[in-house]
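Let us walk through this structure together, one step at a time. Have the sequence and the 3D view ready, and follow along as we go.

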Amino acid sequence: GVIAWRREALGDASPTSIRVSQEPRFAYDLAFFNDELFVAGGVDGLIRLSLSPSPRVIGSSRQFPFATTVKSQGGFVWVGDISRRTIARVTP
């Protein structure tokens, strides 16, 4: 799953964490794109999270049967699907 901390709390001795509701069961890889976080969630596909004002799921795609890698580059999000042995470009 995904647990987030507020940036200003990271200097604290014991920062308060926020568990993302409706999160994927697994988080194999993470990539930031602008102000959003993309999570390769394995069998849960690709999950799109907004981090402000508080972390929440804003979208998901199950077109990837087993998403294990995600990368943000060149204005796109790239997703690796191990079950198909493919890499796909996603336009956020």
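A good place to begin is Asp44, which forms a salt bridge with Arg25, the closest N and O atoms being 2.9 Å apart; a salt bridge here is a side-chain nitrogen of Lys or Arg within 4 Å of a carboxyl oxygen of Asp or Glu. This pair links distant parts of the chain, with Asp44 in the loop between strand 4 and strand 5 and Arg25 in the loop between strand 2 (17-19) and strand 3, 19 residues apart. Strands are DSSP runs of E with at least two residues, and helices are runs of H or I with at least four, each numbered from the N terminus.

Before going on, a word about the model: it is predicted, so local features need pLDDT of at least 70 and side-chain atom pairs count only at pLDDT 80 or more, while totals for chains, interfaces and linings use all residues. Residues are numbered from 1 along each chain as its sequence is written, and side-chain values use heavy atoms, with hydrogens and water left out.

Are the two partners of that first salt bridge buried or exposed? Asp44 counts as buried, at 6% relative accessibility, whereas Arg25 counts as exposed, at 56%. Buried means under 20% relative accessible area, exposed means over 50%, and partly exposed lies in between (1.4 Å probe, protein chains only).

Asp44 has another partner as well: its side chain meets that of Arg62 in a salt bridge of 3.6 Å, N to O. Arg62 lies in the loop between strand 6 and strand 7 and Asp44 in the loop between strand 4 and strand 5, so the pair ties together parts that are 18 residues apart in sequence. Arg62 counts as exposed, at 59% relative accessibility. Through shared partners, the salt bridges join Arg25, Asp44 and Arg62 into one network.

How many salt bridges does a search of the whole structure find? The search finds three, and one of them brings together the side chains of Arg48 and Glu36, at 2.6 Å from N to O. Arg48 lies in strand 5 and Glu36 in strand 4, so this pair ties together parts that are 12 residues apart in sequence. Arg48 is partly exposed, with a relative accessible area of 25%, while Glu36 counts as buried at 18%.

Now step back to the chain as a whole. Its secondary structure comes to zero helices and nine strands. Of its 92 residues, 34% count as buried. The chain exposes about 5900 Å², and carbon and sulfur atoms supply 50% of that area; accessible areas come from the Shrake-Rupley method with a 1.4 Å probe, and for residues only the protein chains shown count as cover.

Next, look at how the strands are arranged. Four of them form an open sheet in the order 3-4-5-6, with antiparallel pairing; two strands pair if DSSP finds at least two bridges between them. Strand 3 (29-33) and strand 6 (56-61) stand at the edges, each with a single partner strand, so one side of each is left without a neighbour in the sheet. Within this sheet, strand 4 (residues 36-40) and strand 5 (residues 46-50) pair in the antiparallel sense over five bridges. Arg48, which you have already met, is the bridge partner of Phe38 in strand 5.

Further along the chain, strand 7 (residues 67-73) and strand 8 (residues 76-81) run antiparallel and are joined by six bridges. In strand 8, Val79 is the bridge partner of Val70. The two strands form a hairpin with two residues between them, and Gly74 in the turn has a positive phi of about 65°.

Return now to strand 6, where you will find Ser60. Ser60 counts as exposed, at 54% relative accessibility. What does Ser60 touch, not counting residues up to four places away in sequence? Ser60 touches Leu46 and Ile47, where contact means heavy atoms within 4.5 Å. The C-alpha atoms of Ser60 and Asp44 are separated by 8.3 Å, although these residues are 16 apart along the chain.

One last stop is Val43, in the loop between strand 4 and strand 5. Val43 is partly exposed, with a relative accessible area of 38%.
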